[in-house]
Amino acid sequence: MNAFLIDIKKYKRYSGNKPTIMLILTNQGLWALCVYRISNGIYRSKFPRIIKRLLLVLAVVWQKWIEVVTGISIPYAAQIGSGFYIGHFGGVIINASSVIGINCNISQGVTIGVSGRGEKRGVPTIGDNVYMGVNAVIAGKITIGDNCVIGANSLVVKSVEKNKTVLGVPATVINSNTSKDYI
């Protein structure tokens, strides 16, 4: 639950320090994160197998309800670091095998998914302090380095070194600006 408290602190900072209760009641991204954090905690717990399975069934139902209400799909098996921020609700799809570092921001319409064939088939690993712009697609067995910016409407299918900004379809490095001003 500590990760969720860090998520809330980030939301508070971005909102001009609105009261926590207002953020929880009005922010769909925070709803999805809450369900993910609780469900992921159950998934990673050491509960007896039968109890864990029962709780995960309930977690999946809860997650699907949140997905329908918010348009944000975050499976409980994904690995997402603390300080995660969903800028706007809607159209966010994260693959269950994805790994996302700490202090990352994701915008509406972003897909983090599976792609590739044979040995190249897989899902992304995203580093720390990564900003993912509106409608970006990050797919395949690739690595996005720390402090990167993925520009809006970009298709990222190749690994990106740390401290780079990428843009386009397919995404290419456009400069060495980091995510510092975005996070």
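These legends go with close-up views of a predicted model.

**View 1. Five strands side by side in an open sheet.** Start with the sheet, where the strands run in the order S1-S4-S7-S10-S13 and the pairing is parallel. Strand S1 (72–73) and strand S13 (155–156) sit at the edges, each pairing on one side only. In general, strands of a sheet pair through backbone hydrogen bonds, either parallel or antiparallel.

**View 2. Where S10 meets S13.** Zoom in on strand S10, which covers residues 137–139. Two bridges hold the pairing of S10 with S13, and the sense is parallel. Which residue of S13 does Val137 stand opposite? Look across from Val137 and you'll find Leu155.

**View 3. A nonpolar patch on the surface.** Five names to look for here: Ile38, Trp62, Trp65, Val68 and Val69. Together they offer about 500 Å² of accessible area. Helix H4, residues 49–70, is the biggest giver, putting four residues into the patch. Trp65 belongs to helix H4, and with a relative accessible area of 51% Trp65 counts as exposed, because the cut-off for that label is over 50%.

**View 4. The salt bridge between Arg37 and Asp7.** Searching the whole structure turns up two salt bridges, and this view shows the one made by Arg37 and Asp7, with the closest N and O atoms 2.8 Å apart. The pair ties together distant parts of the chain: Arg37 comes from helix H3 (residues 28–44) and Asp7 from helix H1 (residues 2–14), 30 residues apart. Are these two residues buried or exposed? Arg37 is buried, at a relative accessible area of 12%. Asp7 is buried too, at 0% relative accessibility. As a general point, side chains of opposite charge can pair when their charged atoms come close.

**View 5. The salt bridge between Lys64 and Glu67.** Back on helix H4, Lys64 and Glu67 form a salt bridge, and their closest N and O atoms are 3.2 Å apart. The two residues are three apart in helix H4, so about one helical turn separates them. Lys64 is partly exposed, with a relative accessible area of 43%. Glu67 also counts as partly exposed, at 23% relative accessibility.

**View 6. Asn105 and the residues it touches.** Asn105 is part of strand S6 (residues 105–106). Its relative accessibility is 4%, so Asn105 counts as buried. What does the Asn105 side chain join in a polar contact? The partner is the side chain of Lys10, at 2.5 Å. Leaving out residues up to four places away in sequence, Asn105 also touches Tyr14, Tyr85, Val130, Tyr131, Met132, Tyr182 and Ile183.

**View 7. Asn129 in its loop.** Follow the chain out of strand S8 (125–126) and, before reaching strand S9 (131–132), you pass through the loop that holds Asn129. Asn129 counts as partly exposed, at 23% relative accessibility. Its side chain makes a polar contact of 2.8 Å with the side chain of Asn103. Asn147 is 18 residues from Asn129 in sequence, yet the C-alpha to C-alpha distance between them is 4.8 Å. Not counting neighbours within four places in sequence, the contacts of Asn129 include Ile102, Cys104, Cys148, Ser179 and Ile183, along with Asn103 and Asn147.

Definitions and conventions: Residues are numbered from 1 along each chain as its sequence is written. This is a predicted model: local features need pLDDT of at least 70, side-chain atom pairs count only at pLDDT 80 or more; totals for chains, interfaces and linings use all residues. Side-chain values use heavy atoms; hydrogens and water are left out. Two strands pair if DSSP finds at least two bridges between them. Patches are made of residues with over 30% relative accessible area and no salt bridge: like charges are joined within 9 Å, nonpolar side chains (Val, Leu, Ile, Met, Phe, Trp, Tyr) within 5 Å. Accessible areas come from the Shrake-Rupley method with a 1.4 Å probe; for residues, only the protein chains shown count as cover. A salt bridge is a side-chain nitrogen of Lys or Arg within 4 Å of a carboxyl oxygen of Asp or Glu. Buried means under 20% relative accessible area, exposed over 50%, partly exposed in between (1.4 Å probe, protein chains only). A polar contact is a pair of N or O atoms within 3.5 Å; within protein, one must be able to donate a hydrogen and the other to accept it, and residues adjacent in sequence count only if both atoms are side-chain atoms. Contact means heavy atoms within 4.5 Å.
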